[in-house]
Amino acid sequence: MTDTALLAVLVAAVGGLLAGRAWSASREGGPRQGRPLFRASPHYTQGLHYLATGQLEPATHELAKVLREHPDAVEVQQVLSHLHREVGQVERAIELHRSLLARTDLTRAERAHTLASLGTDYRRAGLLDRAAQAYDEALEADPRNLHALEGQQKQFEEQREWRQAYEAQTRLARLRKSDDGLVLAYLQTEMGHEAARAGLWEEAEAAFRTALSLDQRATPAYLALADLWGERDPRRAASILESAIAAVPERAYLTFEPLKKAYASAGEISRFVALCERLIEQDSRDWRARLALARHLRGEGRPGEALGLLLRALEANPHVLLVHLEIWRTLRAIGQLGSDEQRYVATVEESALYVDPHICTACRYRADDMLWRCPHCHEWNTFVEERVGPAAGGQV
């Protein structure tokens with residue numbers, strides 16, 4: 001089970017506890033004061049222990065025992081439903097949530113939470129129309145239900161309905177009183193991409209600029225905006241990319257190729273060399289700037305200088321195949337590879353290997369490129385360059 005899935009279960013458990021306490025408080029003095037007695041059950045305590053330590057199967061067994069003893073325990077049924085969903089037993093989760101909704105003693109908040117959970121069950125099962133209906137019903141019962149809004153927003157994203165996702169995220173940010181500027185910026189960028197694909201250049205540019213006004217760290221908005229201007233005004237495109245480097249220096253490498261193209265189109269390719277040299281001077285371990293400069297120098301017929309840069313890049317990040325490939329190509333350009341070695345390099349160049357590793361900090365999903373939204377956990381801006389130091393005894 002992924003870290004993200006486990007976190008979702010734990011959050012669900014906490015949410016269930018809070019919902020149960022809210023129900024209990026609303027019933028104080030009423031005929032059902034004894035309902036929270038299930039918390040005294042040793043199975044309940046043991047179930048929470050298993051849940052907190054990530055032992056999902058025994059947690060499920062213990063909480064099922066609690067539910068048999070205390071069928072009125074709404075929060076236990078909620079947590080158990082989440083557990084079934086997270087381990088892939090979506091049909092069982094749907095069954096539990098439907099049985100909850102059949103009860104007549106749920107509070108408005110409990111009903112909304114259960115409907116939202118049912119919507120997520122349906123979403124996981126691919127029943128998107130039913131999921132949308134459940135989320136709508138949850139929000140009708142409780143317009144401020146965060147669980148329903150979050151589920152609805154995720155479904156909009158998954159269906160690439162970016163405008164609706166943006167509106168839902170805006171509403172969530174207001175209710176949570178949180179700064180979701182970066183996520184909103186990414187959603188605006190996706191809206192801009194859709195407009196650009198449709199040939200609506202002014203609308204696309206407005207969306208990209210709105211994204212940057214929401215958060216200047218939205219690197220894909222800079223890249224997309226520069227791409228809009230690349231053919232028409234390369235100097236303007238270069239200026240946009242330079243702004244991206246200033247705002248998000250750790251993502252500078254993503255601008256190298258379009259920036260080099262823009263400088264070349266403007267007849268100012270020397271600015272690319274100066275940029276790489278400046279970045280290397282600012283950070284001696286910046287292997288990407290060395291790699292970019294080495295490629296440029298080799299293209300200019302200066303493979304010897306390129307090799308020196310690449311060897312330093314290799315010291316900084318020895319596990320990235322991309323650096324090794326560039327070294328082999330440079331050695332080939334110098335003429336230091338025999339026919340067998342050249343055949344080997346050609347084979348590697350055509351192979352799908354671990355070229356440029358990135359990792360999602362939320363769920364540990366790995367990719368060979370920079371992604372703005374994780375395809376596994378669906379979180380935004382979680383990918384970072386994966387760096388592994390040299391082997392023991394190595395020199396840096």
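Guide: A crossing is left-handed if the near helix is turned anticlockwise from the far one by less than a right angle, and right-handed if clockwise. α18 passes α19 in just such a left-handed crossing.

Visitor: Before that, what sort of model is this?
Guide: The model is predicted, with local features requiring pLDDT of at least 70 and side-chain atom pairs pLDDT 80 or more, while totals for chains, interfaces and linings use all residues. Residues are numbered from 1 along each chain as its sequence is written, and side-chain values use heavy atoms, without hydrogens or water.

Visitor: How many helices and strands does the protein chain have?
Guide: The protein chain contains 19 helices and three strands. These are DSSP runs numbered from the N terminus: helices are H or I over at least four residues, strands E over at least two.

Visitor: And what share of the residues is buried?
Guide: Of the 396 residues in the protein chain, 47% are counted as buried. The classes rest on relative accessible area with a 1.4 Å probe, protein chains only: buried is under 20%, exposed over 50%, and partly exposed in between.

Visitor: What about contacts that span the sequence?
Guide: Taking contacts (heavy atoms within 4.5 Å) in the protein chain between residues at least 6 apart in sequence, 51% join residues at least 24 apart.

Visitor: Back to the helix pair. At what angle do α18 and α19 pack?
Guide: Helix α18 (residues 321–334) and helix α19 (residues 339–349) pack at about 145 degrees, and their axes are 10 Å apart. Axes are lines fitted to C-alpha atoms, for helices over the stretch in contact, and angles run from 0 to 180 degrees between N-to-C directions.

Visitor: Which residues meet there?
Guide: From α18, the residues are L321, L325, W328, R329 and R332; they meet Q342, Y344, V345, V348 and E349 of α19. By class, this contact has six nonpolar, one polar and three charged residues. Ala, Val, Leu, Ile, Met, Phe, Trp, Tyr, Cys and Pro count as nonpolar, Asp, Glu, Lys and Arg as charged, and the others, Gly among them, as polar.

Visitor: How do the axes of α3 and α4 cross?
Guide: The axes of helix α3 (residues 56–69) and helix α4 (residues 74–86) come within 10 Å and cross at roughly 150 degrees. This crossing of α3 and α4 is left-handed. By class, the contact of α3 with α4 has ten nonpolar, three polar and no charged residues.

Visitor: Which residues are they?
Guide: On the α3 side they are L56, A59, T60, L63, A64, V66 and L67, and in α4 they are V76, Q77, V79, L80, L83 and H84.

Visitor: What does L100 touch?
Guide: L100 belongs to helix α5 (residues 90–101) and counts as buried because its relative accessibility is 0%. Not counting residues up to four places away in sequence, L100 touches V74, Q77, Q78, L106 and T114. The C-alpha atoms of L100 and V74 are separated by 7.6 Å, although these residues are 26 apart along the chain.

Visitor: And A141, which contacts does A141 make?
Guide: A141 lies in helix α7 (residues 128–141), and its 17% relative accessibility places it among buried residues. Leaving aside neighbours within four places in sequence, A141 contacts R108 and A112. A141 and R108 are 33 residues apart in sequence, yet 6.4 Å apart in space, C-alpha to C-alpha.

Visitor: How many residues of α12 are buried?
Guide: Helix α12 (residues 219–229) is mostly covered, with nine of its eleven residues buried. Among them are Y222, L225, L228 and W229. The buried residues of α12 pack against α10 (181–197), α11 (201–214) and α13 (234–247).

Visitor: New topic: what is the strand order in the sheet?
Guide: The order is β2-β1-β3, in an open sheet of three strands with antiparallel pairing. β2 (366–367) and β3 (383–385) are the edge strands, each with a single partner, so one side of each has no neighbour in the sheet. Strands pair if DSSP finds at least two bridges between them; β1 (residues 358–360) and β3 have three bridges, in the antiparallel sense. I359 has V384 in β3 as its bridge partner.

Visitor: Where are R364 and H378?
Guide: R364 is in the loop between β1 and β2, and H378 is in the loop between β2 and β3. R364 has a positive phi of about 70 degrees although it is not a glycine; H378, likewise not a glycine, has a positive phi of about 65 degrees. R364 counts as partly exposed at 45% relative accessibility, and H378 is partly exposed with a relative accessible area of 24%.
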